[in-house]
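This report looks at how aromatic rings are arranged in one protein model. Please view the sequence and the structure first, and then read on.

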Amino acid sequence: MALSDFYNAGSLAGQWGCSSYDVNPVTLQNRVLDFARARSKPVMIAEASPQGYSTSALTKSRIMKKSPQPTTATALWNDWYSGYWSWIEQNADVIRVAAYINTDWDSQTGWQCADGASASGPGCSNGYWGDARIQANATVRDNFLTELRKCVFVGGTTGACGGGTTPPTAPPTTPPTTPPAGAFTQGVTTGQAGHDTLWFTPNASTCTFVAVHYTLDGGGQLNYMMTFNATTGRWEQPVTVPAGHTLAYWFDYQPTGQTYQNTTAHYSFTG
């Protein structure tokens, strides 16, 4: 599995300071890790970059509206880089590859953003990115190389990794379990012309994720990560069940704070 990492707990407030979001982006990143961990799947950070920061100019800005403010190399490191490396180490049981985009975004036409411009507006089509080159600042470069020399990475020799270059061993994976009775409610809300909605509501907790698996008339299985609808207070997935056809479905879900998933019984619905 793979994901992007442009924000972390230390940088989020500054990067998204002028915008709102439905779900904390860091929560979404961790949700991917939890999903992979529950299935014993390795994860690659396929792309990462300190969006909104400039290592060459030593500035930082909100990403949705460019407004660069002066910063220091140490502050820049503490804001973004420190969180990036600690997140990798804390999740070394599942993160197996980490990629970093070492580029000057400001030098590329498609990623440029004028001072004061807002994301998706004139002169700032992709939001503000900045300059992510580690070699543009000696402090950032040296700290970056120090992190790469840690034994959590292949070939690294420093740090507490059991005296070798082998990354930490993944802990045993707890298999899915059957949820207790009354842990949730579920169902299918019918719509017009067979356009229905599968839904799932945990009764005594929130969830890190809910996945639904279903077949129509015994056909091929489809699998979807459900979306939480704050208005209805439940996890939902649109589905089309024509009249007279039968949907068979079940759920995997992970209560918040739990490190393993629950698998429900199978249910059916006839349109």
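## Aromatic rings in the predicted model

One aromatic cluster is formed by Trp-77, Trp-80, Tyr-81, Tyr-84, Trp-85, Tyr-100, Phe-144 and Phe-153. The model in which this cluster appears is a predicted one.

A search through the whole structure finds 26 aromatic pairs. In one pair, the ring centres of Trp-77 and Tyr-81 are 5.0 Å apart and the planes meet at 10°, which is under the 30 degrees used as the limit for stacking, so this pair counts as stacked. Both Trp-77 and Tyr-81 belong to helix H3, which covers residues 73-90, and they are four residues apart, which is about one turn of the helix.

Another pair, Trp-85 with Phe-144, is edge-to-face, with 5.0 Å from centre to centre and 80° between the planes. Because Trp-85 lies in helix H3 whereas Phe-144 lies in helix H4 (residues 138-148), this pair ties together parts that are 59 residues apart in sequence.

Are the residues of these two pairs buried or exposed? The table gives the relative accessibility of each residue, and each one counts as buried because its value is under 20%.

| Residue | Relative accessibility | Class |
|---|---|---|
| Trp-77 | 9% | buried |
| Tyr-81 | 0% | buried |
| Trp-85 | 4% | buried |
| Phe-144 | 6% | buried |

A ring can also be met by a charge: the charged end of Arg-39 sits over the ring of Phe-35, at 3.6 Å from the centre of that ring.

How values were computed
Residues are numbered from 1 along each chain as its sequence is written. This is a predicted model: local features need pLDDT of at least 70, side-chain atom pairs count only at pLDDT 80 or more; totals for chains, interfaces and linings use all residues. Side-chain values use heavy atoms; hydrogens and water are left out. Rings of Phe, Tyr and Trp (its six-membered ring) pair if their centres lie within 6.5 Å; planes under 30 degrees apart count as stacked, over 60 as edge-to-face and the rest as tilted. Helices (H or I, at least four residues) and strands (E, at least two) are DSSP runs, numbered from the N terminus. Buried means under 20% relative accessible area, exposed over 50%, partly exposed in between (1.4 Å probe, protein chains only). A charge sits over a ring if NZ of Lys or CZ of Arg is within 6 Å of the ring centre and within 35 degrees of the ring normal.
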